[in-house]
Amino acid sequence: MRLISAFSYFFKILFQGEAKALAVPSSQSTASASDNTESARPEFQISQSPAVQVLSLFQANGRLIDFLQEDIHQYGDADIGAAVRDIHAGCRKVLDKHFDVQPVIAKNEGDNVELPAQFDPSRIELVGNLIKDNATETGVKGQLVHKGWAAVKTNLPTVAAGQDETIIKAAQVEVKS
């Protein structure tokens, strides 16, 4: 029964959003009704495996794992291009909904940039002709090759307590009579 409730809440959260799915209807807001719903509601928590959770979101919305696991050598470029369009749209929804991704340097690739002294090397990687050993201390000028990306905010959904967090997508079995 808990497994069915967990799946039920998972899909409610997926399609209705966490706040609406977990909201207690006003007719159940009395103490006695609250006691009944509390025992039926699964407990939700922050995922201990957020990387798997992100893969799960990309799979659910863009079927990214299915695509990456497929042997695409047997398909033509037109078939792959058509498939990628749907995968891109689905994965983009996940990115837009669960992350605030901003460029590290908000300029166009090819633009000249001047890095100040003491810039953060975890945010900016120097490539090319590196003749100054102390470029991070003195600053440097160069051409922007890639603007970089930073996840300035993440908003991953919670998971039901007891849910196997290694599962990206549950196997599906069609029962035939």
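## A loop to start with

Let us begin at Q118, which lies in the loop between strand 3 and helix 7 (135–138). What is the phi of Q118, given that it is not a glycine? The angle is positive, about 65°. Is Q118 buried or exposed? Its relative accessibility is 60%, and exposed means over 50%, so Q118 counts as exposed.

R63 gives us a second example. This residue is not a glycine, yet it has a positive phi of about 55°. You can find R63 in the loop between helix 4 and helix 5 (64–69). With 53% relative accessibility, R63 counts as exposed.

## The overall picture

Please keep in mind that this is a predicted model. The protein has seven helices and six strands. If you trace the chain along the sequence, you will meet the pattern α-α-α-β-α-α-α-β-β-α-β-β-β. There are 177 residues in the protein, and 24% of them count as buried.

How much of the contact network links residues that are 24 or more positions apart? Looking at contacts in the protein with a separation of 6 or more, such pairs account for 69%.

## How confident is the model?

The mean pLDDT of the protein is 84, and 77% of the residues reach 70 or more. Over residues 26–31, however, the pLDDT is below 50. Beyond near neighbours in sequence, this stretch has five contacts in the model. Where pLDDT is low, the predicted coordinates should not be read in detail.

## Two nonpolar cores

In soluble globular proteins, nonpolar side chains tend to be buried together. Which residues make up the largest nonpolar core here? There are eight: V54, L57, F58, L64, I87, C91, V94 and F99. Two elements give two or more residues to this core, namely helix 4 (50–62) and helix 6 (77–98).

V94 is a good residue to click on. Leaving aside residues up to four places away in sequence, V94 touches L57, F58, N61 and F99. A second core, separate from the largest one, has six residues, among them V113, F119, I124 and L144.

## A pocket and its lining

Rolling a probe the size of a water molecule over the atoms shows where empty space is left. The second largest pocket in this model has a volume of about 490 Å³. It is lined by 24 residues, and the closest to its centre are L115, E125, L126, V127 and Q143.

Which strands each supply at least two residues of this lining? They are strand 3 (112–115) and strand 4 (140–143). Strand 4 gives the most, with four residues. By type, the lining of the second largest pocket divides into 13 nonpolar, six polar and five charged residues.

## Two residues and their distant partners

V145 sits in the loop between strand 4 and strand 5 (149–154). Its relative accessible area is 59%, and exposed means over 50%, so V145 is exposed. Which residues does V145 touch, not counting those up to four places away in sequence? They are E109 and V127. V145 and L126 are 19 residues apart along the chain, and their C-alpha atoms are separated by 9.7 Å.

D66 belongs to helix 5. With a relative accessible area of 33%, D66 is partly exposed, because this class lies between the 20% limit for buried and the 50% limit for exposed. How far from K169 is D66 in sequence and in space? The two residues are 103 residues apart in sequence and 10.0 Å apart in space, C-alpha to C-alpha.

Technical notes: Residues are numbered from 1 along each chain as its sequence is written. This is a predicted model: local features need pLDDT of at least 70, side-chain atom pairs count only at pLDDT 80 or more; totals for chains, interfaces and linings use all residues. Side-chain values use heavy atoms; hydrogens and water are left out. On a 1 Å grid over the protein atoms alone, a cavity is a set of points where a 1.4 Å probe fits but cannot get out, and a pocket is an open set with protein on both sides within 12 Å along at least five of seven lines; lining residues have an atom within 4 Å of a point. Grid points are joined across faces, edges and corners, and a volume is the space filled by probe spheres set on the points. Ala, Val, Leu, Ile, Met, Phe, Trp, Tyr, Cys and Pro count as nonpolar, Asp, Glu, Lys and Arg as charged, and the others, Gly among them, as polar. A nonpolar core is a set of buried Ala, Val, Leu, Ile, Met, Phe, Trp, Tyr and Cys residues joined through side-chain atoms within 4.5 Å. Buried means under 20% relative accessible area, exposed over 50%, partly exposed in between (1.4 Å probe, protein chains only). Contact means heavy atoms within 4.5 Å. pLDDT is the predictor's confidence in each residue, from 0 to 100.
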